[in-house]
Amino acid sequence: MNAPSPVIDIASQNARQKTSGDNSTAAFDVEKIRADFPILSQTVYGKPLVYLDNGASAQKPRQVIDSMSDIYETYYSNVHRGVHWTSQKSTEGFEAGRQKAAAFLNAASDNEVIFTRGATEAINLVAASWGRANLEAGDEIILSHMEHHSNIVPWQLLRQEKDIVIKVAPIDDDGNFMIGEYEKLLSDKTKMVAVTHVSNALGTIVAVKDVIRLAHAKGALVLLDGCQAVPHQAVDVQALGADFYVFSGHKLYGPTGIGVLWGREDILNAMPPYQGGGEMISSVTFEKTTFQKAPHRFEAGTPAIAEVIGLGAAIDYLGAIGLDNIAAHEHGVLQYATERLQAIDGLTIIGNAKEKAAIISFTLADVHAHDVGTFVDRAGVAVRVGHHCAQPVMDRFGVAATARASFGLYNTRAEVDALVDALEETRKFFG
Ligand code: PLP
């Protein structure tokens, strides 16, 4: 790939946008938003970068980048331990990040927010800590057929230890979660339902409120994987009635290396520690150690300090724009993209659920997904190709891989046009 060049073809990008009808409003000015993301003004292969791989990881606004430079340049120190100014200031910034994450999810208390390395670690934490303490042989866990591997494998590791049973709630041919079939799987042995809020591979939005209601009626807890939901819609864990909710900062326009496990405080405080070390203890002797309550019980060792501050800045950024405005904009882009992609000869969209977030998986005639990805890349368009860490759902649709365009708040209809042009060229090239 060429080194990013500062020479940008913004004028032609803007011209395309005007003709394609991006309807920015006072509340949502997509050009103003794009200007906050330095990377979006780069060119690749001499073409404007069209970044449609937000489901894998989103780009970062200047506000997030600056917040992280700022701590390293002016007040960085370890947190929670120091009496000096930099430590106090870092601790304040770090705990403000926790407050922001709690408010973002409408948690009942800041203590319900545990910082992890990401969604993967958050799910592993629940499986290892809650799962080991609460499950016995024969107990059942329900997952859906469209889970990311990080919401499958931790439960399988637990199954190796505990001889639990994993059941899979099916999806229909459009990728809708089959709530009636799920209900039939629930039994008195069901102890946990762990499902995605939004599928990363299909874009399906799961009716998680119904999932939770039915699980609770059987006395089971519910963990929601919110990785692909939080960038696209406002989430209120209390209104949902969830027990655990997880997401990764880097998909939310924040930094890598930071994620959130939200859990109900009573459940968290009844769970044993996940890792041992500094920060999570009340007192240590060689004979006996006592532990802090949540959240510190689950945050052993020095945390990702600048990353929490960056995550807080990302949450502030999205809050200032408004998640409802973001959802409305992305919905328009999704509709436009769906119509335009459907019109391409030989293109099949995998996943046509009734409720979808801004993610479109597709195959293009018999062109291999990796060839699609490589070809459109030369036109400056970044899409994801492969199994998207969701092999079971690929098997469900009988494909080894798909190409996936996943949109974010800064994407425009002009960029959809660029993708469509590149796909038309790909189709012509491969005959
Ligand atoms: N769950 C879903 C639905 C995802 O899309 C992803 C990442 O693609 C993950 C979990 C894992 O996130 P991370 O790798 O940030 O831990």
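Helices and strands here are DSSP runs, with at least four residues for a helix and at least two for a strand, numbered from the N terminus. The structure is a predicted model, and the strand numbering gives a first landmark in it: tyrosine 45 sits in the loop between β1 (43–44) and β2 (47–48). The backbone of tyrosine 45 has a positive phi of about 50°, although the residue is not a glycine. Most residues other than glycine have a negative phi, and most peptide bonds are trans. Tyrosine 45 counts as buried because its relative accessibility, 19%, falls under the 20% limit.

Another residue with a positive phi is glutamate 279, at about 80°, and this residue is not a glycine either. Glutamate 279 is placed in the loop between α10 (265–269) and β11 (281–284). With a relative accessible area of 16%, glutamate 279 is buried. A further backbone feature concerns a peptide bond. The bond from alanine 294 to proline 295 is cis, with omega near 5°. Proline 295 belongs to the loop between β12 (289–291) and α11 (305–321).

The wider layout comes next. The domain assignment divides the protein chain into domain 1 (10–52 + 322–430) and domain 2 (64–320). Domain 1 contributes 36 residues to the contact and domain 2 contributes 33. Taken over C-alpha atoms, the centres of domain 1 and domain 2 are 29 Å apart.

Both domains take part in the largest pocket, whose lining draws at least three residues from each of domain 1 (10–52 + 322–430) and domain 2 (64–320). The space in this pocket comes to about 370 Å³. Its lining has 21 residues, and those nearest the centre are His331, Leu334, Glu355, Lys356 and Ala357. Helix α12 (residues 323–342) supplies 8 residues, the largest share of the lining. By residue type, the lining of the largest pocket consists of 8 nonpolar, 8 polar and 5 charged residues.

One of the residues nearest the centre of that pocket, Ala357, can be followed further. Alanine 357 lies in the loop between β13 (347–350) and β14 (359–364). Although it lines the pocket, alanine 357 is buried, with a relative accessible area of 6%. Apart from neighbours within four places in sequence, its contacts are Val198, Gly203, Ile205, His232 and Leu334. Among these contacts, Leu334 is also listed with the residues nearest the centre of the largest pocket. Alanine 357 and phenylalanine 407 are 50 residues apart along the chain, and their C-alpha atoms are separated by 8.9 Å.

The second largest pocket holds about 270 Å³ of space. Of its 18 lining residues, Ala119, Thr120, Ser248, His250 and Lys251 lie nearest the centre. The largest share of this lining, 3 residues, comes from helix α5 (residues 119–134). The lining of the second largest pocket divides into 3 nonpolar, 11 polar and 4 charged residues.

Enclosed space is a separate matter from the pockets. Rolling a probe the size of a water molecule over the atoms shows where empty space is left. Across the whole structure, the search finds 2 cavities of 30 Å³ or more. About 40 Å³ of space lies in the largest cavity. The lining of this cavity is made up of Asn54, Gly55, Ala58, Gln228, Pro231, His232, Lys251 and Tyr253. These residues divide into 3 nonpolar, 4 polar and 1 charged. Two of the names have appeared before: Lys251 is among the residues nearest the centre of the second largest pocket, and His232 is one of the contacts of alanine 357.

The last site is aspartate 139, in the loop between α5 and β5 (140–144). Is this residue buried or exposed? Aspartate 139 is buried, because its relative accessible area of 7% is under 20%. A polar atom of its side chain lies 2.8 Å from the backbone nitrogen of glutamate 136. The side chain of aspartate 139 also makes a polar contact with the side chain of lysine 191, at 3.4 Å. Leaving aside neighbours within four places in sequence, aspartate 139 is in contact with Asn134, Ile164, Val165, Lys189 and Lys191.

Key: Residues numbered from 1 in each chain as written. Predicted model: local features only at pLDDT ≥ 70, side-chain atom pairs only at ≥ 80, totals over all residues. Heavy atoms only, no water. 1 Å grid on protein atoms, 1.4 Å probe; cavity = no way out; pocket = protein on both sides within 12 Å on 5 of 7 lines; lining within 4 Å. Points joined across faces, edges and corners; volume = space filled by probe spheres on them. Nonpolar A, V, L, I, M, F, W, Y, C, P; charged D, E, K, R; others polar. Domains from an automatic or database assignment. Buried < 20%, exposed > 50% of the residue type's maximum accessible area, 1.4 Å probe, protein only. Polar contact = N/O pair within 3.5 Å; in protein donor to acceptor, adjacent residues only side chain to side chain. Contact = heavy atoms within 4.5 Å.
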